[in-house]
Structure formats: structure tokens, C-alpha cells
Amino acid sequence: VGITGSASTSGGTYTVKGSGTGLGGNADQFRYVYQTLTGDGSIVALVSSVSPTDAWTKGGVMIRNDLTPGSAQASMFVSNTKGLAFQRRVTAGGLSTSTAGPAATAPYWVKIERFGDVFTASRSTNGTAWTVVGTETIPMSATVYVGLAFTSHNNSTLATGTFDSVAVASGG
């Protein structure tokens, strides 16, 4: 990435700053705050804000097979002007695909769930009633990386996103 990002947490709110050309194509450039997850599980977050630096500036939740730029991954994002989207790359180095959600902006709840190699992306206005945006089978290792992803979609500009009520759960 052009400018090194950062991440901090205070009172349960995560603030993530990132640059990068974005998430998509066959390689990603973004800021990722993550932990490992073995087996089935999920990550949920309220994307509270996305700073308006580019139409494609976005933040959300992600599960990645590894930390290489072209890793297989499944993500659910909120952007400033492009709405919500389930993005994924089903093979390492392959092209990303996207399924549009509603034309909504932050604050918005997003979730990615993993059951075996099946990934389900969902959205919610309140964090309790969920609507599935899409499901995809993506072969990944038993241990993956789960976390918060953020990109300014401009390699020379940092953008800021805030995330609340972040929860990682393991098991089915």
C-alpha cells in the first residue's frame, strides 16, 4: 500500500485507517485487523462510519485463507456511495466477484459465516434480524484469518473506518 495504515481500539470501538487500491481483481491492497480461526465460525460488526475519501472507500468483515494479496477470501462490505456488497475470491490469484446488497451506508451491520467451505454473507439494520446477501463455496485451510478490512481505494490517501460490537465466534 502507498501509505501504511493503523488500527486502534478504545471502549469497544475499533478505528482502522487504510490506503490501498482496494479489494477486488486478483490482488488486494488494504488494512486488515485480524486473528486466526480454526474450523467453523463467524465475524459480526457494526460498521459505524466510513470516511468519504472515494466512492469505493469501504470497510467490513472478512475471512481469508492466508495473508497474501491474492488469497481466497469472503467479505461483506459497506461503502460510502456504492452500498453494501458480498465480495469473494474463490481461488488464490483468481478474480474477485461481487454480489450487491442494498444501496445503504454506514452505520450498518455485516456478518460472514463459515461452515466447512461454505461462506455466507449477511446484513442487518439492527444486529439481530439478518438478511443473506449471498453464499459461496470457497475451499480454504482449516485455520484461516478473520477480521476487519478497510481500504481508501486510493493508494495515496488514508481513509478511516470505525467498527463497533465486533464479535468473532467459533463453532457452528
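## Strands, spaces and rings in a predicted model

Val-16 stands opposite Gly-161 in strand E13. That contact belongs to an antiparallel pairing of E2 and E13, which runs over 5 bridges. Keep in mind that this is a predicted model. Below, we start with the E1, E2 and E13 strands, move on to the fully buried strand E7, and then take in the cavity, the pocket and the aromatic rings.

**E1, E2 and E13**

- Besides pairing with E13, E2 also goes antiparallel with strand E1 (residues 6-10), this time over 5 bridges.
- Look at Ser-8 for a landmark here: its bridge partner in E2 is Thr-15.
- E1 and E2 make a hairpin with 2 residues between them, and Gly-11 in that turn has a positive phi of about 60 degrees.
- Over in E13 (residues 159-170) you'll find Ala-169.
- Is Ala-169 buried or partly exposed? Its relative accessibility is 37%, so Ala-169 counts as partly exposed.
- Although E2 and E13 are paired, the C-alpha atoms of Ala-169 and Thr-15 are separated by 21 Å, with their positions 154 residues apart along the chain.

**Two glycines in the E2-E3 loop**

- The loop between E2 (13-18) and E3 holds Gly-25, and Gly-22 is found in the loop between E2 and E3 too.
- Gly-22 has a relative accessible area of 6%, so it is buried.
- Gly-25 comes in at 37% relative accessible area, so this one is partly exposed.
- Each glycine can be matched with a residue far along the chain: Gly-25 and Ser-96 are 71 residues apart in sequence, yet 5.2 Å apart in space, C-alpha to C-alpha.
- For Gly-22 the partner to check is Asn-155, 133 residues away along the chain, with 8.3 Å between the C-alpha atoms.

**E7 and its neighbours**

- How many residues of strand E7 (residues 84-89) are buried? The count is 6 of its 6 residues.
- In a regular strand, side chains alternate between the two faces of the sheet.
- E7 splits accordingly: Leu-84, Phe-86 and Arg-88 point one way, while Ala-85, Gln-87 and Arg-89 point the other way, and all are buried.
- Both arginines of that set, Arg-88 and Arg-89, are thus on the buried list, pointing opposite ways from E7.
- On one flank, strand E6 (residues 73-79) pairs with E7 in the antiparallel sense over 6 bridges; within that pairing, Val-78 stands opposite Leu-84.
- The E6-E7 connection is a hairpin with 4 residues between the strands, and Gly-83 in its turn has a positive phi of about 80 degrees.
- E7 also pairs with strand E8 (residues 97-100), again antiparallel, over 4 bridges, and Ala-85 has Ala-100 in E8 as its bridge partner.

**The cavity**

- How many cavities of 30 Å³ or more does the structure hold? There is 1.
- The largest cavity has a volume of about 50 Å³.
- Its lining is made up of Trp-56, Lys-58, Phe-77, Val-78, Ser-79, Lys-82, Gly-83, Leu-84, Ala-85 and Gln-87.
- E6 and E7 each put at least two residues into this lining.
- The bridge-opposed residues Val-78 and Leu-84 are both among the lining residues, and so is Gly-83 from the hairpin turn.
- By class, the cavity lining has 5 nonpolar, 3 polar and 2 charged residues.
- Two of the lining residues, Lys-58 and Phe-77, also meet in another way: the charged end of Lys-58 sits over the ring of Phe-77, 5.4 Å from its centre.

**The pocket and the rings**

- The largest pocket offers about 160 Å³ of space.
- Lining it are Val-1, Asp-28, Gln-29, Phe-30, Arg-31, Tyr-32, Tyr-34, Arg-64, Leu-67, Thr-68 and Pro-69.
- Which strand gives the most to this lining? That is E3 (residues 31-38), with 3 residues.
- Sorted by class, the pocket lining has 6 nonpolar, 2 polar and 3 charged residues.
- The structure holds 3 aromatic pairs, and ring pairs tie Phe-30, Tyr-32, Tyr-34 and Tyr-145 into a cluster.
- Phe-30, Tyr-32 and Tyr-34 of that cluster also appear in the lining of the largest pocket.

Note on methods
Residues numbered from 1 in each chain as written. Predicted model: local features only at pLDDT ≥ 70, side-chain atom pairs only at ≥ 80, totals over all residues. Heavy atoms only, no water. Phe/Tyr/Trp six-rings, centres within 6.5 Å; stacked < 30°, edge-to-face > 60°. Lys NZ or Arg CZ within 6 Å of the ring centre and 35° of its normal. Buried < 20%, exposed > 50% of the residue type's maximum accessible area, 1.4 Å probe, protein only. Pairing = 2+ DSSP bridges. 1 Å grid on protein atoms, 1.4 Å probe; cavity = no way out; pocket = protein on both sides within 12 Å on 5 of 7 lines; lining within 4 Å. Points joined across faces, edges and corners; volume = space filled by probe spheres on them. Nonpolar A, V, L, I, M, F, W, Y, C, P; charged D, E, K, R; others polar.
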